[in-house]
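Please open the model in your viewer and keep the sequence beside it, ready to select residues as the tour moves along.

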Amino acid sequence: MLEYRYDTQLLIEGENLDEDAISEYFEENFQGDCLLAVGDEDLIKIHYHTNEPWKVLEYCSTLGEIYDIVVEDMDRQARGLKG
């Protein structure tokens, strides 16, 4: 059993995005691991393992337009099932 079940990935397109501020928000407000928040002030790529991907999507949608959203169930994948 994985501690954090969902591999959550997406892109945020917006203005004046700050990858450090986004990373800090994740660390202070979400439980998870393997955080990757990289990009520039117009586009940020998010990768995060969590049990509550909907919270990640909700927050990121406040920052700009979100797209290329992928939420994969790593527990199912570990059991050889489609994620």
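In which strand is Tyr6 found? Select Tyr6, and you will find that this residue belongs to strand S1, where helices (H or I, at least four residues) and strands (E, at least two) are DSSP runs, numbered from the N terminus. Before going further, note that this is a predicted model, in which local features need pLDDT of at least 70 and side-chain atom pairs count only at pLDDT 80 or more, while totals for chains, interfaces and linings use all residues. Residues are numbered from 1 along each chain as its sequence is written, and side-chain values use heavy atoms, with hydrogens and water left out.

Stay with Tyr6, which counts as partly exposed because its relative accessibility is 23%; buried means under 20% relative accessible area, exposed over 50%, and partly exposed in between (1.4 Å probe, protein chains only). Now show its surroundings: leaving aside residues up to four places away in sequence, Tyr6 touches several residues, including Tyr48, Pro53 and Val71, where contact means heavy atoms within 4.5 Å. Although Tyr6 and Val71 are 65 residues apart along the chain, their C-alpha atoms are separated by 6.2 Å.

Next, select S1 (residues 6-13) together with S4, which pair in the antiparallel sense over seven bridges; two strands pair if DSSP finds at least two bridges between them. Within this pairing, Asp73 in S4 is the bridge partner of Tyr6. Widen the selection to the whole open sheet, whose four strands follow the order S2-S3-S1-S4 with antiparallel pairing. Strand S2 (32-39) and strand S4 (65-73) each have a single partner strand and stand at the edges, so one side of each is left without a neighbour in the sheet.

Now turn to helix H1 (residues 19-29), which lies across S2 and strand S3 (43-50). At its N-terminal end, Asp18 acts as a cap, with a side-chain oxygen 2.9 Å from the backbone nitrogen of Asp20. Which residues of H1 are buried? Colour Ile22, Ser23 and Phe26, which are buried; seen down the axis of H1, the buried residues fall within an arc of 100° (taken from the directions from the helix axis to the C-beta atoms), so they line one face of the helix. On the other side of H1, Asp20 and Glu28 are exposed.

Finally, add helix H2 (residues 53-61), which lies across S1, S3 and S4. The buried residues of H1 pack against S2, S3 and H2.

Conventions
Axes fitted to C-alpha atoms, helices over the stretch in contact; angles between N-to-C directions. Polar contact = N/O pair within 3.5 Å; in protein donor to acceptor, adjacent residues only side chain to side chain.
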